[in-house]
Amino acid sequence: MSFEAAIARALPGIPRSASPVDQIAYARDLWPRHHLAVTEGRIAEHRPGMIVWPSSTEEVAQVVRFCADEGLPLVPFGAGSGVCGGVLPDERTVVLDLKRLSRRRSLDREAPSVEVEAGALGIRFEEELNAEGFTLGHFPSSILCSTVGGWVAARSAGQCSGLYGKIEDMVASLECVVGRGEIVRFDRRARGPDLTPLLIGSEGVLGVVTAATLRLHPAPPARAFAAFSFPSVEAGWDAMRAMFQAGLRPAVSRLYDPFDSFMARLGAVRRQRAHAGAADDSSEGAAARGHGARGPGAGAAVLRGLLRAPGLLNQIVDGVGSRVLRGATLILIFEGTARASADDLARAAAIAERGGARPLGEEPARHWLAHRYSVSYRQAPVFMAGAFSDTMEVAAPWSRLDGLYRAVRGALGRHVFVMAHLSHAYPDGCSIYFTFAGSAPSVAAAEAKYDAAWRAALDAAIDAGGTLSHHHGVGRSKAPRLGAELGLGADVIHALRGVFDPAGVMNPGNLLPREGSSAARRPLPPPPAAPVLDGDSMLVHAAGAARLGEIERALEQRGLTLAIDFGATSPELTVDAWIAAGAPGAPDPWSDPVDHLVAGFTARLASGAELAVRPAPRRAVGPDLFALFLGVGGRVGAVTSAHLRAHGASRPRALPTALPRQPSLRDDEAAWLDAVVSAARDVR
Ligand SMILES: Cc1cc2nc3c(=O)[nH]c(=O)nc-3n(C[C@H](O)[C@H](O)[C@H](O)COP(=O)(O)OP(=O)(O)OC[C@H]3O[C@@H](n4cnc5c(N)ncnc54)[C@H](O)[C@@H]3O)c2cc1C
C-alpha cells in the first residue's frame, strides 16, 4: 500500500495533503541557509511525504500513534518561522501542522491565566487577550508569524522579557502528545518536581505540545519611554546591568552598538525624507534589513563588493570609532501604572547618566515601539543582491559578556560583516544578538562561507563560556555543537527521548545529532572549597556540600544575601539537600519572572557520570536539565555545585499572581517522573 493510501486508511477524518504546492510550503522553516539555495532556484530540496492538519488533541494522538507504529518520522509544525532548521523533512516524513488546533479553551480572571491550544497564532492570541484587558507579555519579533506551540518548543523570548521573562517563565501547565500517542498533562511546581521544563525547549523531539496554560497580566495602563546615547557599547551594558541589579525591570531594554545605532538613525532619516511609512526598521539588525540593497542593480553590486571584504569593512567601522558614529543607543520602556513607570524610569535615567550617557528624549523609544515588528522580512533584498545575512543570539553572565562579545564578533568578523545589539537583560547576565552579512562569487562559495562563519562563531561562544542560543533554539544548524556546550547533558536528552519517544520518530535529526551525542567528556574541575562570588553577575558558586548558612555569611560580608526565608528551611542544610527538597524558602519565581534560582550547576548522576550546565541567565539549548534535580529528592544524582543568585538590598516590584505554586503531583505525572528518573540516573 502506498504511503498516502496507508495514511488515508489510518487517519480517515484528518485533513491531509501530498500536493506539490503543500510539499514545497512545508519543506523548510526560515533557516537563512535555505535562502541561498532558493536564490539558485533550488526551492525545496527536502519535501515531506504528507502534511496533516489535526484539529483536536485526540487527532494529534492518532497521528503520533500511526507514525510510531509505522516508524515514520513526524515533524510538528507551528508557523515555520524558526531560523535554525527545526523543520527539514524527508519524503517519508509526516508534517503535523497545528494551526487548526488554535482555540482558547479557558480564561481565568481570578488567577489570570489562559489555556490555549498550540497552533494559536501569536498576534491574534495577544490581541484577543488585550480585548479582555490582559496581556501575555510575550512579543517575539516574529509574533505575526509564530505560534504558541512554536514558542514553547523553541524556548522563545519576547521583546518585553525584561519584565515578563521568557516563555518558560509563563507556562503554568502543558498538554502534550508523546511518542506512542499518550496524552500527558504536566503542571509547573515552583518547588518541583516539575516536568514542564523538560518539554519546553524540546523542539519537537520529545513530543507535540498541544496546549499550554499561560500566566497573564493586566494590560499595562501606562508606559514610560526614554533613550540614551552611551560613549561605547560597554558603557551601555554596564548601565543595563546596574539597572537590573538595582531591581529595575524595564519591559524593553535594547542597546545597539555604535554601527547598528548609526544605521538605525540613517534609516529613520531616509524614511522621514521619503515620507514612507513602509516597514524598514529597527528591532533587528541593520544588515538583515538590507540597507542599501533594494535588489539587483548598482547598489547590489556595491553591497556584494563590500561584503566580499568583511575583514576590511569591520576594521573600517571599528577604526571610525564610536565617537564618530555617535555612540551606542539604549532604548528603555517601562510599563505598569503611570506612577510606577515614571518613578522607575527616573531611577534608570540616573543610572544611565552616572554611566556617562546623554539623554535622547522619548522619541527613539516611541519610534521603536511603533515599528516593533518591522523586522527581518527585509532579508530578501540582501539575498536578491547576491549576498546573505543571518543572526546569532548567545548569552552569558555579565562577567563573561565582554569576552563573549569580543570572541564571537572576532570569529564572525573574519568571514562576514557583523554588528550587534543586546535586547534581553537579567540581573545575572545578558544575551547578545549579532547580525551579520556576507557575500561570495557563487552560491556554493557563499554556503561554504556561511558555514565557516557559523562554525567559528559557535566555537568562539563555547570557548568564551557562553550558551549557544538564548532564544532561537538549536534546530539542525547548531545540533552538531550541542555536545560541546552540554557535554553529558546531550546524552541525558537522548535518554529523555527514550522515555518520551521510544519509537524515535519525533523530528529525527533536530536538536540532537542523528548519530547520537558528540558530548565532549572532559573531567570537571572540583567544586569550590569555599563559596566564590562573581560580583559582576551577582552569582555565588558554591559546592553542593556547602551549607546554606556558610554561603549566606560569606555574602553578608559583601552586603548580599541569598534571600532565603530561613523560617522555611535550615541554614544547616547543604545546597544539594536543599535543592533536592525543592529549595524551600527560596524567592518566589512567579513574583519576579526575570530572576531565577540557579544559573548553572554540576551534578554527579547515580551512574557516577558528571553533568555540567554552564551558568547563563537563560538559554534555549534543549530542555532545562535542572528540573531533574529540583525537588526530585536526589533520585537522579547529587548536585555537586551550583551558581546561586545573590541579591542586593533593592528588590524589584513583585508581579502578583494567584496561580497555585505547588499543585499536587498526580499519579500519571508521578509515573512519568519515575520513568524520567530511571532513564536519566543511568546515563554514563
Ligand atoms: C523575522 C523573525 C523574527 C524572529 N524574532 C524572534 C524573537 O524575537 N524571539 C524568538 O524567540 N524567536 C524569534 N524568531 C524565531 C522564531 O519565530 C521562534 O523560534 C518561534 O518560537 C517559532 O515559532 P513557530 O510557531 O514558527 O515554530 P516553527 O518554526 O514551526 O517550529 C519551531 C520548532 O519547534 C517545533 N514545534 C513547533 N510547534 C511545535 C509544537 N506544537 N510541539 C512540538 N514542537 C513544535 C518544530 O518542529 C521546530 O523544531 C524570529 C524569526 C523570524 C523569522
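The legends below describe close-up views of a predicted model.

**Figure 1. Overall view of the predicted protein.** The model is a prediction rather than an experimental structure. The protein contains 23 helices and 23 strands. Its C-alpha atoms fill a box of roughly 75 × 65 × 50 Å along the principal axes. A compact globule of 684 residues would have a radius of gyration near 26 Å, and the 24 Å found for the protein agrees with this. Of the 684 residues, 56% count as buried.

**Figure 2. The span annotated as an FAD-binding PCMH-type domain.** An unreviewed UniProt entry lists residues 44-219 under "domain: FAD-binding PCMH-type". Helix makes up 22% of this span and strand 27%. The C-alpha atoms at the two ends of the span lie 42 Å apart.

**Figure 3. The shell of residues around the ligand.** The ligand is surrounded by 38 residues, of which Gly 78, Gly 82, Gly 86, Gly 149 and Gly 150 come nearest. Strand S3 (74-77), helix H6 (148-154) and strand S10 are the elements that give two or more residues to this shell. The largest contribution is that of H6, with five residues. By class, 17 residues of the shell are nonpolar, 19 are polar and two are charged.

**Figure 4. The open sheet of five strands.** The strands follow the order S5-S6-S10-S8-S9, and their pairing is antiparallel. Strand S5 (104-108) and strand S9 stand at the edges with a single partner strand each, so one side of each is left without a neighbour in the sheet. On average, neighbouring strands of this sheet are turned by 15° against each other, direction ignored. Strands of a sheet pair through backbone hydrogen bonds, in either a parallel or an antiparallel sense.

**Figure 5. Strand S8 and its two partners.** Strand S8 comprises residues 171-178; seven of its eight residues are buried, so S8 is largely enclosed by the rest of the structure. Seven bridges connect S8 with the antiparallel strand S10 (residues 207-215). Within this pairing, Glu 175 stands opposite Ala 211, and Val 178 stands opposite Gly 207. Strand S9 (residues 183-187) is also antiparallel to S8 and is joined to S8 by five bridges. Here Ser 173 stands opposite Asp 187.

**Figure 6. The hairpin formed by S8 and S9.** Four residues lie between the two strands of this hairpin. In the turn, Gly 181 has a positive phi of about 95°.

**Figure 7. Strand S13, covered on both faces.** Strand S13 spans residues 252-256, and five of its five residues are buried. In a regular strand, side chains alternate between the two faces of the sheet. Val 252, Arg 254 and Tyr 256 lie on one side of S13, Ser 253 and Leu 255 lie on the other, and all are buried.

**Figure 8. The pairing of S13 with S14 and S17.** Strand S14 (residues 328-336) runs antiparallel to S13 and is joined to S13 by five bridges. In S14, Ile 333 is the bridge partner of Val 252. Strand S17 (residues 417-425) pairs with S13 in the antiparallel sense over two bridges. In this second pairing, Leu 255 stands opposite Leu 422.

Notes
Residues are numbered from 1 along each chain as its sequence is written. This is a predicted model: local features need pLDDT of at least 70, side-chain atom pairs count only at pLDDT 80 or more; totals for chains, interfaces and linings use all residues. UniProt positions are given in the numbering used here, feature names are shortened, and annotations may be inferred rather than shown by experiment. A residue is buried if 20 or more other C-beta atoms lie within 10 Å of its own, exposed if 12 or fewer, and partly exposed in between; C-beta atoms are placed from the backbone. Two strands pair if DSSP finds at least two bridges between them. A residue is near a molecule or strand if its C-beta atom, placed from the backbone, lies within 6 Å of it. Ala, Val, Leu, Ile, Met, Phe, Trp, Tyr, Cys and Pro count as nonpolar, Asp, Glu, Lys and Arg as charged, and the others, Gly among them, as polar. Axes are lines fitted to C-alpha atoms, for helices over the stretch in contact, and angles run from 0 to 180 degrees between N-to-C directions. The radius of gyration is taken over C-alpha atoms; the globule rule is 2.2 Å times the number of residues to the power 0.38.
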